[in-house]
Amino acid sequence: MPKVPIRRLLEGQTAIVTGASSGIGKAIAIELGKAGANVVVNYVSGPDKAEEVVASIEGEGSHAVAARADVSNEAEVQAMFAQAKAEFGTVDILVNNAGLQVDAPFADMTLAQWQKVIDVNLTGQFLCSREAVREFKARGVKPEVSCAAGKIICISSVHEVIPWAGHVNYATSKGGVMLMMKSIAQEVAPWRIRVNSIAPGAIRTPINTAAWDTPEHYAELLKLIPYKRIGEPNEIGRAAAWLASDDADYIHGITLFVDGGMTLYPGFETGG
Ligand code: NAD
């Protein structure tokens, strides 16, 4: 863990982080707050957990507010952006983090299981990104705040490139996020809107407890990770704070893999 204090790279900016009451989203919200941003802590259920994240951000000296919205519901997403603008004036940063898994063997997967994952993981990112781009275009660049009119970070997964048996709906949603992100990036660059993804590897959160909750499971997991440890949520948080900042101003349309080398084909470690 770095010992130097984080610079307040995002002072004067407002960020919406979806699915921010737990796991990676919570860590991103806290790190953006530490970097000086006002943070809208989106959640879909459990307001108490979202309020804890708000309190933690305020404890570090930044402003935060909780906002309930189902990211797959157009009206609720629009109401969340309206709430953010009413509270903080505008939105400078969107982190599309909300996501879920509904796993099933492919032959048994119901249409409802398929649709739920696509709705939240892909359509949710579309709905939030569209509102963000509308706001960024309408406002334009404010040089005293940032070189860019706005920044979007999509939380993807190593499964945007690694196929995943038993999780076809999830891998499809993340593969979709990859080309959605790149296509939006290509379209909105002339407005100085930056769009990128972060693809986490295995990170210690509630979504994948079964992969690290016993020594046996953890040992199996490490076979997939050349760096031989699981990642922690704040490692994604710090990457997001940097990627959203002007230090990363020329980075556009890429996926930043934060995965301890999971995408390096570790099965070939011993020569294949
Ligand atoms: P998590 O379950 O703790 O977080 C997901 C969050 O999304 C939860 O807070 C949940 O309430 C929220 N959410 C679900 N449906 C929603 C909806 N309709 N509207 C708003 N919010 C909703 O798990 P996590 O690991 O922190 O996952 C965060 C993101 O990171 C996801 O997009 C996930 O796919 C991605 N990811 C996680 C890992 C990992 O190893 N943990 C790896 C790669 C990618």
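**View 1. Helix 1 (23-34) and helix 5 (168-188) each give at least two residues to the shell around the ligand.** Helices here are DSSP runs of H or I with at least four residues, strands are E runs of at least two, and both are numbered from the N terminus. This is a predicted model, where local features need pLDDT of at least 70 and side-chain atom pairs count only at pLDDT 80 or more, while totals for chains, interfaces and linings use all residues. Residues are numbered from 1 along each chain as its sequence is written, and side-chain values use heavy atoms, with hydrogens and water left out. There are 28 residues around the ligand, and Ser22, Ile24, Asn97, Tyr170 and Thr205 come nearest; to be near, a residue needs one heavy atom within 4 Å of the molecule. The shell splits into 14 nonpolar, 12 polar and 2 charged residues. For that split, Ala, Val, Leu, Ile, Met, Phe, Trp, Tyr, Cys and Pro count as nonpolar, Asp, Glu, Lys and Arg as charged, and the others, Gly among them, as polar.

**View 2. Here are ligand atoms beside Asp70, Val71 and Tyr170.** A side-chain N or O atom of Asp70 is 2.8 Å from a nitrogen atom of the ligand. Val71 uses its backbone instead: an N or O atom there lies 3.0 Å from a ligand nitrogen. On the oxygen side, a ligand oxygen atom is 2.5 Å from an N or O atom in the side chain of Tyr170. Taken alone, the ligand exposes 820 Å², and the protein buries 91% of that; these areas come from the Shrake-Rupley method with a 1.4 Å probe.

**View 3. Asn121 pairs up with Ser173.** Look for Asn121 in helix 4 (residues 111-139). Its side chain makes a polar contact with the side chain of Ser173, at 3.2 Å. A polar contact is a pair of N or O atoms within 3.5 Å; within protein, one must be able to donate a hydrogen and the other to accept it, and residues adjacent in sequence count only if both atoms are side-chain atoms. Asn121 counts as buried because its relative accessibility is 0%. Buried means under 20% relative accessible area, exposed over 50%, and partly exposed in between, with a 1.4 Å probe and protein chains only.

**View 4. Ile30 and Ser56 each have a partner from elsewhere in the chain.** Ile30, in helix 1, is buried, with a relative accessible area of 18%. Ile30 and Gly237 are 207 residues apart in sequence, yet their C-alpha atoms are 7.5 Å apart in space. Ser56 belongs to helix 2 (residues 47-59) and is partly exposed at 30%. Between the C-alpha atoms of Ser56 and Lys26, 30 residues apart along the chain, the separation is 10.0 Å.

**View 5. Lys228 and Tyr265 both show a positive phi.** Most residues other than glycine have a negative phi. For Lys228, phi is near 60°; this residue is in the loop between helix 6 (215-222) and helix 7 (233-244), and it is partly exposed at 41%. Tyr265 has a phi near 55°. You'll find Tyr265 in the segment after strand 7 (255-258), exposed with a relative accessible area of 64%.

**View 6. Ile251 sits in the loop between helix 7 and strand 7.** At 23% relative accessibility, Ile251 is partly exposed. Its C-alpha is 7.7 Å from that of Asn196, and the two are 55 residues apart in sequence.
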